[in-house]
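Q: Please take a close look at a single part of this structure, and describe how it is packed and what it borders.

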Amino acid sequence: MEYIRTNKITIGIKPARKSVGAFWTITKHAYLNSVYFSPESSLANPNAWVLLIHEIRHLQQGWRIALSIYGELDAWQYQFNTLKKITAGKFPEPVEEILTLPLTMDRKTLSRARRLMTQHAGKGYGANLLPLYPIHMEMKYWAFGIEINLRDFFQK
């Protein structure tokens with residue numbers, strides 16, 4: 001909550017494509033999809049709350065990280081670990097496996113995360129369109145074959 005307040009994040013409900021439960025904007029907005037949620041229904045729905053948590057996590061990451069499989073893996077783990085604490089539920093197998101993946105810059109792990117996200121959410125989710133690494137690091141990999149060292153990643 002403090003991050004939302006400090007950074008003046010606007011939260012609301014707007015229409016979006018059916019494959020999206022919620023979304024964020026570069027202008028510090030996080031929205032639930034009105035196809036699935038209303039102001040009344042979202043208040044009592046744990047899925048609505050954790051979807052907003054997922055989107056706020058992306059705003060915390062910044063757009064370069066958020067628009068990568070690395071950023072998605074982080075947000076998915078944050079979202080579903082929170083939902084697991086709230087509901088103590090068991091998730092479909094792709095989600096359960098996502099929760100076991102290490103949050104790392106290993107291309108094999110990130111490729112597996114992308115496949116699992118697509119398996120769970122469908123191709124319309126768009127994980128197949130995102131680079132594995134944040135784009136500035138993905139470009140280094142494409143151009144020079146440079147693997148990312150996590151220590152270097154967080155120092156920049």
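A: What follows concerns one helix, its two helix contacts and a pocket. The model is predicted, so local features need pLDDT of at least 70 and side-chain atom pairs pLDDT 80 or more, whereas totals for chains, interfaces and linings use all residues. Residues are numbered from 1 along each chain as its sequence is written, and side-chain values use heavy atoms, without hydrogens or water.

The part in question is helix H7, residues 107-121 (a DSSP run of H or I of at least four residues, numbered from the N terminus; strands are E runs of at least two). Helix H5, residues 69-87, packs against H7 at an angle of about 60°, and the axes of H5 and H7 are 10 Å apart (axes are fitted to C-alpha atoms over the stretch in contact, and angles run from 0 to 180 degrees between N-to-C directions). H5 is therefore oblique to H7 (under 35 degrees is roughly parallel, over 145 roughly antiparallel, 65 to 115 roughly perpendicular and the rest oblique). Their crossing is left-handed (the near helix is turned anticlockwise from the far one by less than a right angle). H5 brings Ile 69, Tyr 70, Glu 72, Leu 73 and Trp 76 to this contact, and H7 brings Leu 110, Ala 113, Arg 114, Met 117, His 120 and Ala 121 (contact means heavy atoms within 4.5 Å). By class, eight of these residues are nonpolar, one is polar and two are charged (Ala, Val, Leu, Ile, Met, Phe, Trp, Tyr, Cys and Pro are nonpolar, Asp, Glu, Lys and Arg charged, the others, Gly among them, polar).

Helix H6, residues 93-100, packs against H7 at about 155°, with axes 9 Å apart, and H6 and H7 are therefore roughly antiparallel to each other. H6 also passes H7 in a left-handed crossing. Pro 94, Val 95, Glu 97 and Ile 98 of H6 meet Arg 112, Ala 113, Leu 116, Met 117, Gln 119 and His 120 of H7, a contact of six nonpolar, two polar and two charged residues. Ala 113 thus takes part in the contacts of H7 with H5 and with H6.

H7 also supplies at least two residues of the lining of the largest pocket, as do H5, helix H3 (46-61) and strand S2 (22-25). H3 gives the largest share, six residues. This pocket holds about 630 Å³ of space, and among its 26 lining residues, Val 20, Gly 21, Ala 22, Glu 55 and Tyr 125 are the closest to its centre.

On a 1 Å grid with a 1.4 Å probe, a pocket is an open set of points with protein on both sides within 12 Å along at least five of seven lines, and lining residues have an atom within 4 Å of a point; a volume is the space filled by probe spheres set on the points, which are joined across faces, edges and corners.
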